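Student: I should be grateful for a close look at one part of this structure, the metal site, together with its surroundings. Please treat it as one connected account.

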Amino acid sequence: EFLPSFLPRNRNNLEEIDDICRNVISDMNTWGVCVVNNFLGTEKGISVLDEVLNMYSAGMFRDGQLVSNKAAASDLKTIRGDQIAWLDGKEKNCQNIGMLISKVDAIIMRANKMYNNGKMGDYTINGRTKAMVACYPGYGSHYVKHVDNPNQDGRCITAIYYLNRDWDIKQNGGLLRIFPEGWQDQVADIEPLFDRILFFWSDRRNPHEVQPAYKTRYAITLWYFDAEERNEACRRYQRDREINSKPGNP
Ligand SMILES: COc1ccc2cc(-c3cnc(C(=O)NCC(=O)O)c(O)c3)ccc2c1
Ligand SMILES: [Mn+2]
């Protein structure tokens, strides 16, 4: 069709997905981190937020696992304050979360195909975890500096979608600070803003922390698997179980 050039082309879904993919590929390749704003648009973003708020008030969140139980009992809460719920997105009253997950899947799978014929940064992505809906309650809850996948468990890309409307980082805290390897002492400070999605390599290249939040802070995280690393991790896990289950091993 001959659209007059001054009219904003209402890009269809696939064109939009392609644009985002090019963004993700080049940023992941250059920085190992990629931020996309206005990912779903306000209306769809709010429909996802409403489903998360309904889940939270229905008491579906559990305390986040402890990253390390070395902490003395007194400061257990200081290791992590987030509360989480795992979803596959097909549960009832979660269709908008399901739509978000499908869009992130479409981006990752397409980027995987577009880049270097089927490999994204040397990975072949063939699956992901369930969606982890996380809530940092606002009493200074935070998450100490950590690496998502320090020991080759198969996860190669972390995708975090933020749901926090009118977030004022000075008042509310909750900044995500990434310390990308090779950036010298530069850091990537990412505000957990509404309808923003963030991608980064899950391994030791991206240690990161969640600074104390003083207002309830919601995010939905997906971790994508690299086929080879995941298969090897499962084989290792199976071997360890067999070794540990042999008689004579305590
Ligand atoms: C075995 O069971 C579990 C259950 C939940 C788990 C959650 C995390 C996790 C990791 N990273 C972050 C993070 O970096 N958030 C950055 C941000 O919100 O901006 C986060 O919020 C949560 C890690 C391991 C887990 C293991
Ligand atoms: Mn993390």
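Tutor: The account below begins at the metal and then moves outward to the strands, loops and internal space.

The model is a predicted one. In it, the manganese ion (ligand 2) is held by three donor residues: His146 through NE2, Asp148 through OD and His208 through NE2, at 2.1 to 2.2 Å. Along the sequence these donors follow the spacing H-x1-D-x59-H. The two histidines bring distant parts of the chain together, since histidine 146 belongs to strand E6 and histidine 208 to strand E11 (residues 208-213), with the two positions 62 residues apart in the numbering.

How accessible is each of these histidines? Histidine 146 has a relative accessible area of 11% and is therefore classed as buried, the limit being under 20%. Histidine 208 is buried as well, with a relative accessible area of 4%.

The strands that carry the two histidines belong to one sheet. This is an open sheet of 4 strands, in the order E6-E11-E8-E9, and its pairing is antiparallel. Strand E6 (141-146) and strand E9 (188-190) form its edges, each pairing on one side only. From one strand to the next, the twist averages 20°. At the E9 edge, strand E8 (residues 176-178) pairs with E9 in the antiparallel sense over 3 bridges. Within that pairing, leucine 176 stands opposite isoleucine 190 of E9.

The loop that joins E8 and E9 contains glutamine 184. This residue has a positive phi of about 55°, although it is not a glycine. With a relative accessible area of 69%, glutamine 184 is exposed, whereas histidine 208 is buried at 4%. Asparagine 93 offers another example of a positive phi in a residue other than glycine, with a value near 60°. Asparagine 93 is located in the loop between strand E3 (83-87) and helix H4 (95-114). Its relative accessibility is 55%, so asparagine 93 also counts as exposed, the threshold being over 50%.

Strand E7 (residues 155-162) presents a further element to consider. Why is E7 described as largely enclosed by the rest of the structure? The reason is that 8 of the 8 residues of E7 are buried. E7 pairs with strand E12 (residues 217-226) in the antiparallel sense over 7 bridges, and isoleucine 157 has tyrosine 224 of E12 as its bridge partner. E7 is also joined to strand E10 (residues 196-201) by 6 bridges, and these two strands run antiparallel. In that pairing, tyrosine 161 has isoleucine 197 of E10 as its bridge partner.

Finally, there is the matter of internal space. Rolling a probe the size of a water molecule over the atoms reveals where empty space remains. Here the count is 1 cavity of 30 Å³ or more, and the largest cavity holds about 30 Å³ of space. Its lining consists of Ile25, Met28, Asn29, Tyr115, Met120, Gly121 and Trp201. Helix H1 (residues 13-30) supplies the largest share of that lining, with 3 residues. By class, the lining has 5 nonpolar and 2 polar residues, and no charged ones.

To return to the metal site, the manganese ion (ligand 2) is coordinated by His146, Asp148 and His208; of these, histidine 146 lies in strand E6 and histidine 208 in strand E11.

How values were computed. Residues numbered from 1 in each chain as written. Chains lettered and ligands numbered in written order. Predicted model: local features only at pLDDT ≥ 70, side-chain atom pairs only at ≥ 80, totals over all residues. Heavy atoms only, no water. 1 Å grid on protein atoms, 1.4 Å probe; cavity = no way out; pocket = protein on both sides within 12 Å on 5 of 7 lines; lining within 4 Å. Points joined across faces, edges and corners; volume = space filled by probe spheres on them. Nonpolar A, V, L, I, M, F, W, Y, C, P; charged D, E, K, R; others polar. Pairing = 2+ DSSP bridges. Axes fitted to C-alpha atoms, helices over the stretch in contact; angles between N-to-C directions. Donors = N, O, S within 2.8 Å, 3.2 Å for Na, K, Ca; no water. Buried < 20%, exposed > 50% of the residue type's maximum accessible area, 1.4 Å probe, protein only.
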